[in-house]
Amino acid sequence: MPTLIAIGLLCLAVQGCVSTRFISQPPALSDPDRTLVAECLGPVRLPKGALTQRHVERLWIMDRKALIECGRRHKALRDFYAERDAALRGAGVAK
């Protein structure tokens with residue numbers, strides 16, 4: 001019996017017991033960067049009247065660039081939440 005008491009006291013003194021571990025800070029939810037949650041640009045507005053091939057191509061390029069940028073932001077936002085949630089669970093994120 002004295003041996004068990006000694007082991008128990010030693011365990012508490014060394015903080016080797018699982019039940020005596022304390023989390024220094026509770027997990028916290030962090031907010032994403034504001035640029036990640038900004039609205040995406042809508043489609044390019046077509047002017048009235050006839051359009052030349054060159055003008056159509058420029059408008060199409062502007063539209064595609066906005067779409068690609070929007071996709072990148074949404075991917076970054078998805079990755080942010082995946083990393084944050086994995087950190088809260090105490091697990092790593094597979095990339």
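The following questions and answers concern a predicted model of a single protein chain.

User: How many helices and strands does the secondary structure of the chain come to?
Analyst: In this predicted model, helix α1 covers residues 2-14 and helix α2 covers residues 53-89. The tally for the chain is 2 helices and 0 strands.

User: What percentage of the 95 residues in the chain is buried?
Analyst: A residue counts as buried when its relative accessible area is under 20%. The accessible surface of the chain is about 8,600 Å², and carbon and sulfur atoms account for 61% of that surface. Of the 95 residues, the buried share is 12%.

User: Which two cysteines does the disulfide join?
Analyst: A disulfide is a covalent bond between the sulfur atoms of two cysteines. A search of the whole structure returns 1 such link, with an S to S distance of 1.7 Å. The angle about the S-S bond is 75°, and the link is right-handed. The residues joined are cysteine 40 and cysteine 70.

User: How many residues apart in sequence are the parts that the disulfide pair ties together?
Analyst: The disulfide joins cysteine 40 to cysteine 70. Cysteine 40 belongs to the loop between α1 and α2, whereas cysteine 70 belongs to helix α2, so the link ties together parts of the chain separated in sequence by 30 residues.

User: Is cysteine 70 buried or exposed?
Analyst: The limit for a buried residue is a relative accessible area under 20%. Its disulfide partner, cysteine 40, has 26% relative accessibility and therefore counts as partly exposed. Cysteine 70 has a relative accessible area of 13%, so cysteine 70 is buried.

User: What distance separates the C-alpha atoms of leucine 41 and cysteine 70?
Analyst: Leucine 41 is placed in the loop between α1 and α2, and its relative accessibility of 69% makes it exposed. Leucine 41 and cysteine 70 are 29 residues apart along the chain. Their C-alpha atoms are separated by 7.7 Å.

User: Leaving aside its neighbours within four places in sequence, which residues is aspartate 63 in contact with?
Analyst: Aspartate 63 is located in helix α2 and is partly exposed at 29% relative accessibility. Glycine 42 is 21 residues from aspartate 63 in sequence, with a C-alpha to C-alpha distance of 8.3 Å. Once neighbours within four places are set aside, the contacts of aspartate 63 are Gly42, Pro43 and Val44.

User: Which residues do salt bridges that share partners join into one network?
Analyst: The count comes to 3 salt bridges. One of them is formed by arginine 84 and aspartate 85, whose closest N and O atoms are 3.2 Å apart. Aspartate 79 pairs with lysine 75 at 3.0 Å and also meets arginine 78 at 3.0 Å, N to O. Shared partners thus give a network of Lys75, Arg78 and Asp79.

User: How many residues apart in helix α2 are aspartate 79 and lysine 75?
Analyst: Both members of this salt bridge are partly exposed, aspartate 79 at 23% relative accessibility and lysine 75 at 44%. Their spacing in helix α2 corresponds to about one turn of the helix. Aspartate 79 and lysine 75 are separated by 4 residues.

User: Is arginine 84 buried or exposed?
Analyst: Arginine 84 forms a salt bridge with aspartate 85, and aspartate 85 is partly exposed with a relative accessible area of 28%. The limit for a buried residue is under 20%. Arginine 84 has a relative accessible area of 18%, so arginine 84 is buried.

User: What kind of aromatic pair do phenylalanine 80 and tyrosine 81 form?
Analyst: A search of the whole structure finds 1 aromatic pair. The ring centres of phenylalanine 80 and tyrosine 81 are 5.2 Å apart, and planes at 70° make the arrangement edge-to-face. Planes over 60 degrees apart fall in that class, so the pair is edge-to-face.

User: Which residues make the nonpolar surface patch of about 250 Å²?
Analyst: Leucine 46 lies in the loop between α1 and α2, and a relative accessible area of 60% makes leucine 46 exposed. Patches are drawn from residues with over 30% relative accessible area, and leucine 46 at 60% therefore passes that limit. The patch is made by Leu46, Leu51 and Val56.

Terms used: Residues numbered from 1 in each chain as written. Predicted model: local features only at pLDDT ≥ 70, side-chain atom pairs only at ≥ 80, totals over all residues. Heavy atoms only, no water. Patch = residues over 30% accessible without salt bridge, like charges linked within 9 Å, V, L, I, M, F, W, Y side chains within 5 Å. Areas by Shrake-Rupley, 256 points an atom, 1.4 Å probe, with all protein chains shown as cover. Salt bridge = Lys/Arg side-chain N within 4 Å of Asp/Glu carboxyl O. Buried < 20%, exposed > 50% of the residue type's maximum accessible area, 1.4 Å probe, protein only. Phe/Tyr/Trp six-rings, centres within 6.5 Å; stacked < 30°, edge-to-face > 60°. Disulfide = S-S within 2.5 Å. Contact = heavy atoms within 4.5 Å.
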